[in-house]
Amino acid sequence: MKVIDSENWAWFLFEHEDHLYLDANCNMSAFGYTYMIQLNDEERYAYKAGGHEYLNQLAHDIHYSVPIAADTRSKYKGRDVSKMFSEMATDAVREWRQAKSVE
């Protein structure tokens with residue numbers, strides 16, 4: 001897994017085994033959490049067309065849809081893969097930050 005792009009305090013985009021994953025930084029009241037989704041075909045296409053700005057909007061949409069709320073109607077509910085990839089994502093961010101500090 002490797003970091004492809006990021007927006008400070010908002011999201012990371014990862015690539016792993018030919019798939020893209022957006023890890024959005026969210027909160028619900030005072031509770032902060034991350035919510036990572038694998039980009040589906042429609043989202044991948046939109047990312048290719050809109051780049052970084054599209055990911056800003058997607059992370060915003062995830063955050064404001066509150067996919068972890070019990071009564072949510074979020075279209076992202078049930079797509080969270082954070083637990084499956086948290087360790088790899090943490091390692092990827094660490095490596096990415098180390099590489100940036102050397103530049």
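Let's start in the loop between strand S2 and strand S3, which spans residues 19-28, because that is where Glu 17 is found. Keep in mind that everything I show today comes from a predicted model. Glu 17 has a positive phi of about 50°, although it is not a glycine. Its neighbour on my list, Asp 18, lies in that loop between S2 and S3 too, and Asp 18 has a positive phi of about 70°, again without being a glycine. Are these two buried or exposed? Glu 17 is exposed, with a relative accessible area of 65%, and Asp 18 counts as exposed at 62%.

Now let's step back into strand S2 and look at the aromatic residues. The count comes to 4 aromatic pairs. One of them is Phe 12 with Trp 96: the ring centres are 5.6 Å apart and the planes sit at 90°, so this pair is edge-to-face. Phe 12 belongs to strand S2, residues 11-16, while Trp 96 belongs to helix H2, and the two are 84 residues apart, so here we have a link between distant parts of the chain. Phe 12 counts as buried, at 18% relative accessibility, whereas Trp 96 is partly exposed at 24%. Phe 14 joins in as well: Phe 12, Phe 14 and Trp 96 form one aromatic cluster.

Since Trp 96 has brought us to helix H2, let's stay there for a moment. H2 has 21 residues and reaches 28 Å from its first C-alpha to its last, close to the expected 30 Å. There is a bend of about 35° in H2 at Met 88. Which residues of H2 are buried? They are Ser 82, Phe 85, Ala 89, Ala 92 and Val 93.

On to charges. Side chains of opposite charge can pair when their charged atoms come close. In this model, the count comes to 3 salt bridges.

One of them is within H2: Arg 94 pairs with Asp 91, with the closest N and O atoms 2.9 Å apart. These two residues are 3 apart in the helix, about one turn. Arg 94 is partly exposed at 44%, and Asp 91 is partly exposed at 32%.

Another joins Glu 43 and Arg 79, at 2.7 Å from N to O. Glu 43 lies in helix H1 and Arg 79 in the loop between H1 and H2, so this salt bridge ties together parts that are 36 residues apart in sequence. Glu 43 counts as buried, at 6% relative accessibility, while Arg 79 counts as partly exposed, at 21%.

Then there is Glu 15 with Lys 2, where the closest N and O atoms are 3.8 Å apart. That pair links strand S2, home of Glu 15, to strand S1, residues 2-7, home of Lys 2, and the two residues are 13 apart. Both partners are partly exposed: Glu 15 has a relative accessible area of 28%, and Lys 2 has 48%.

Last stop, the surface. Which residues make the nonpolar patch of about 250 Å²? Met 28, Phe 31 and Ile 68 make it. Ile 68 lies in the loop between helix H1, residues 41-65, and helix H2, residues 82-102, and it counts as partly exposed at 34% relative accessibility.

Key: Residues are numbered from 1 along each chain as its sequence is written. This is a predicted model: local features need pLDDT of at least 70, side-chain atom pairs count only at pLDDT 80 or more; totals for chains, interfaces and linings use all residues. Side-chain values use heavy atoms; hydrogens and water are left out. Patches are made of residues with over 30% relative accessible area and no salt bridge: like charges are joined within 9 Å, nonpolar side chains (Val, Leu, Ile, Met, Phe, Trp, Tyr) within 5 Å. Accessible areas come from the Shrake-Rupley method with a 1.4 Å probe; for residues, only the protein chains shown count as cover. A salt bridge is a side-chain nitrogen of Lys or Arg within 4 Å of a carboxyl oxygen of Asp or Glu. Helices (H or I, at least four residues) and strands (E, at least two) are DSSP runs, numbered from the N terminus. Buried means under 20% relative accessible area, exposed over 50%, partly exposed in between (1.4 Å probe, protein chains only). Rings of Phe, Tyr and Trp (its six-membered ring) pair if their centres lie within 6.5 Å; planes under 30 degrees apart count as stacked, over 60 as edge-to-face and the rest as tilted. The expected span of a helix is 1.5 Å times one less than its number of residues. The bend at a residue is the angle between axes fitted to the seven residues ending there and the seven starting there.
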